[in-house]
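Thanks for coming, everyone. I'd like to walk you through a structure this morning, and please stop me if anything is unclear.

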Amino acid sequence: MARVIVKLSGTLRKKFEHYDSAKGLDVEIQDGASIADIVAHLGIPESKIGFVSANGCIVKAGSVVEDGTVIKVFQPIFGG
Amino acid sequence: MKLVRVNMTDRTIMTEDLPEEYKGIGGRGLTSIMINKDVPAGCDPLGPENKLIFAPGYLSGTSLINTSRLSIGAKSPLTGGIKESNVGGTVSADLARLGITAVIVEGKIPQNETCILIIDLTGQAKLMDAAPYKGMRTYDLVKKLKADHGDKHSVTCVGPAGDFQFATASIQTSDLDGRPCRAAGRGGLGAVMGAKGLKAVLVARGGKMADTLADPDKFKTAARAYAKAVKEDEFSSETLPELGTAVLVDPINAAGAFPCFNATKGQFEQAEKINGDALAETIKKRGGKTTHQGCAQCIINCSNEYVDENGKYVTSSLEYETIWAMGGMIGNDDLDVIARLDFLCDDIGIDTMSTGVAVAVAMDAGYKDFGDGRAAIEMVEEIGKGTDFGKILGSGPAAVGKHFNHQRVPVIKGQSIAAYDPRALQGMAVTYATTPMGGDHTAGWVVDQNLADFGGTLDPLSAEGQVEASRDTQLHMAAVDSMGICDFAQTGLAAPGGMENVYTMVSAKSGEPFGEDDWGSLGRQVLKAELDFNKRAGFTAKDDRLPKMFYEEPLPPHNSVVVISDEQMDSTFDF
Ligand code: SF4
C-alpha cells in the first residue's frame, strides 16, 4: 500500500468533515494507483477538478503516485 | 439612449441622441470605436484632443445580474495606445438607469482649475467649480462630497495621483457602501481625468429612465436562466463568496506561475500566509467581512472588508491581483501590509498592479530589500505626496527601471504584467504581447484553459494551441466587456445554453436579431478598432513582444522561458 497526503484547495475541503488544511487528508491506496484512482477513492467527481499537483508539479490523471507524495487538488477556476 | 458631451475647455455640456452607428453597442465596444474614430491617434494623451469616455455595458441598467461594469476609455498616457479599463461598483447601473449610453469628456480646463460633474435624477448634467477638492485623497473626497451634495450618488473620482497626472493613476469609484475602493486601475486613465481638470463625477442613484426593452418578457426569462446558472456553479456560488478572488493564489502558485521577487521566481514559499484561506480566516477572526457585495446587482459577492487586529476598517475588495502585486511580487508575506498598501493605492488613486511592480523593480535594483513592507508603504506614500521619487514610481515600472538603470522590467507597451507569469502559462505570453491594451490579463485570460481537465486541455509550458486560445479569448472578451458583465459571472456564459441566453437578452433589448455570428463580429469590430488606433499611433509588430527577461531568464520551478515565436505572435490577429 502507498500512503499519500491529499490537500484540497478552495471549497473542495467542505465535503470532508474535520478537514485540517494544515495536515490535509492521510490516504492509503494500493500500490500503482493513479491520481484518478485517488480522487475517485475520495469521491471527488472529475468535473470538480481543474488540475492536480504532486510534490509541486502538475500531473495528469493517469500518473502513478508514489508512497509519501503530497497531492494537491485544485478546483476549476474562472477569472480575469 | 443618449450621449452626454462635456467640454472642459469652455465648460459646456450637450446632451445628444445616440447616433445610429452606436446603437446596440455599449461598454468597451463603444469607448474603443468612438476613440478610434474621434481621437487623433498621435495626440498628447494629457492634452485637449484626447477624450475620456465613460460607458456602461450594453446590459447595464437591465435586470440581469452582475452587469454593473463601467468601461472607461481614452488614449493611454502609460502605453501611448488605446485603453479601456472597466470597473464595478454602482456607477454603471446608475448611468444606465438614467438612459445615458456614454459620458464623453473633451477638451481641457485652464491650468489650476478643477471641476466636478454632477448628473441628477432627471439626467441633467452640470459642472461645478471644485477648487477645494483638488489634491484630496479619495476617501476624504467622498466624505466631503457626501457632506456637500448628499449621499444619493455614486462617486467616480481621482486622487492626488490623478491630479498630478501620473501615468499609472487610476480612476476610483464607489462600491455599495459608498467607499471609493473599486478601481479602473490600468492604463493611467486617472491621469487623463486629472489633466482634463475633472476631479469627480457624481451620478444620482436610483434612476428610472433606463432604455426600454424591445421584448421585456423574453429578456426576463433569459436573465433568470442566466442567474440560475451562476447560482448553480460552485465557483461563483461557493468559492468566490467564501474566499474571494484570493482563491487563485494557491492554484497559480502551484502551477509555478505566481511571479514573485520581481518575477525572478514562479513560486512563493510563503504563499500559504497570503492565500484565500489565510485571508478569509484573518478577516473572520477579526470580525471583518467576507462574502461582501461590491457592485450593484451582484449575486456572487466576491468582495471583502479587511479590518485590523482591533477590528478597525483597513480596506475593501482586496483582490487577487493586488495580493500578488503587493505580496509575492515584492516578496512580502504580511497580509496587513498588503491590505494597507491596497488602501493607500485606492486612497491616492493609483493602480495597485503597476505600483506593486514599480516597487518590485526598485527593490530588485537594490533600492530597498524585498519583503520590506514598511519601505513599500513609505514608497507608495511618496506617490501621494508627489515627491520626486513618488513621481518616478507613479510613472510606472518602466520609469523606475530607467531611473535605476535596471533592465529587469516586466512591462509590455509600458504596462506591467498581471499575476500570471507568461513563462509558466504560455498563453498569457500571447495575450500580454498582442492585446492592444499593453500587459493586461483581463483582455485574454487563458489561465483556466491551461489549468483544466487535469492539465489535459493545453500544456501551459508549450506553445501548442496558445495563439488560438488567446485569440479566441481576446475576441470573446472584447464582446463580454461591451456587455458590462462581470468576469466572475462568466460562469453563466460557460454553462450549457449560457451564450444563447446572452444573445437572447441582447436581441430582446435591441429588437434586432442577434446570434453567435453577431457576437463574433462584435468582438472583431472592437479589436479591429483598437488595433487600428494603435497602428496609427505608431505601434508595429515589434511592440507585440515581451521584454527580454521572459525569453532569456528561465523561471523556477519549471525553469522555462517563453517559447512563442515572433511569427506566432504576429499570427494572432491575422484578420
Ligand atoms: S463578483 Fe465581485 S467584482 Fe463581480 S460584480 Fe460581484 S462583487 Fe463585483
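I'll go through the sheets, then the helices, then the cores, and end with two single residues. One thing to keep in mind throughout is that this is a predicted model.

Let's begin with the six-stranded sheet in chain B. Its strands are ordered S2-S1-S6-S3-S4-S5, the sheet is open, and the pairing is mixed. Which strands sit at the edges? They are strand S2, residues 12-17, and strand S5, residues 82-87, each of which pairs on one side only. From one strand to the next, the twist averages 15°.

Now look at strand S6 of chain B, because pairing of both kinds meets there: S6(B), residues 100-106, runs parallel to strand S1, residues 2-7, and antiparallel to strand S3, residues 52-56. Six bridges hold the S1 pairing, and three bridges make the one with S3. If you want residues to click on, B:Arg5 has B:Ile104 as its bridge partner, and B:Leu3 stands opposite B:Ala102. On the S3 side, B:Phe54 stands opposite B:Val103. How many residues of S6(B) are buried? Seven of its seven, so to speak a strand that is mostly covered.Next comes the second sheet, also in chain B. Three strands form this open sheet in the order S13-S14-S15, with antiparallel pairing. Strand S13, residues 289-292, and strand S15, residues 313-316, are at the edges with a single partner strand each, so one side of each has no neighbour in the sheet. Here the twist averages 20° from one strand to the next. Strand S14, residues 303-307, is joined to S15(B) by three bridges, and B:Tyr306 has B:Thr315 as its bridge partner.

What lies across this sheet? Helix H9 of chain B, residues 276-286, lies across S13 and S14, running at about 60° to S14(B). Eight of the eleven residues in H9(B) are buried, including B:Leu279, B:Ile283 and B:Arg286. The buried residues of H9(B) pack against S13 and S14, and also against helices H7 (234-243), H10 (320-325) and H11 (335-348) of chain B.

Let me turn to a pair of helices. Two packed helices are described by the angle between their axes and the distance between the axes. For helix H12 (residues 352-364) and helix H13 (residues 373-385) of chain B, the angle is about 120° and the axes are 11 Å apart. That angle makes H12(B) oblique to H13(B). As for handedness, H12(B) passes H13(B) in a right-handed crossing. The contact involves B:Thr355, B:Val359, B:Ala362 and B:Met363 from H12(B), and B:Ala376, B:Met379, B:Val380 and B:Ile383 from H13(B).

On to the cores. In soluble globular proteins, nonpolar side chains tend to be buried together. The largest nonpolar core here has 131 residues, and those touching the most other members are B:Tyr226, B:Ile252, B:Trp324, B:Tyr420, B:Val447, B:Met505 and B:Leu546. Take B:Ile252 and set aside its neighbours within four places in sequence: B:Ile252 is in contact with A:Ile77, and within chain B with residues including B:Phe258, B:Tyr320, B:Tyr420, B:Val447 and B:Leu451. Apart from that core lies another one, of 30 residues, among them B:Phe54, B:Val91, B:Ile119 and B:Leu127. You have met B:Phe54 already, standing opposite B:Val103 in S6(B).

Finally, two single residues. Is B:Ser470 buried or exposed? With 0% relative accessibility, B:Ser470 counts as buried. B:Ser470 belongs to helix H18 of chain B, residues 466-483. Not counting residues up to four places away in sequence, B:Ser470 touches B:Gly427, B:Val430, B:Thr431, B:Thr434 and B:Val446.

The other is B:Asp566, found in helix H23 of chain B, residues 566-570. B:Asp566 has 35% relative accessibility and therefore counts as partly exposed. Between B:Asp566 and B:Asp351 there are 30 Å in space, C-alpha to C-alpha, and the two are 215 residues apart in sequence.

That is my tour. I'm happy to go back to any part of it.

Key. Residues numbered from 1 in each chain as written. Chains lettered and ligands numbered in written order. Predicted model: local features only at pLDDT ≥ 70, side-chain atom pairs only at ≥ 80, totals over all residues. Heavy atoms only, no water. Pairing = 2+ DSSP bridges. Helix = DSSP H or I, 4+ residues; strand = E, 2+ residues; numbered from the N terminus. Axes fitted to C-alpha atoms, helices over the stretch in contact; angles between N-to-C directions. Core = buried A, V, L, I, M, F, W, Y, C linked by side-chain atoms within 4.5 Å. Buried < 20%, exposed > 50% of the residue type's maximum accessible area, 1.4 Å probe, protein only. Contact = heavy atoms within 4.5 Å. Parallel < 35°, antiparallel > 145°, perpendicular 65-115°, else oblique. Left-handed = near helix turned anticlockwise from the far one by under 90°.
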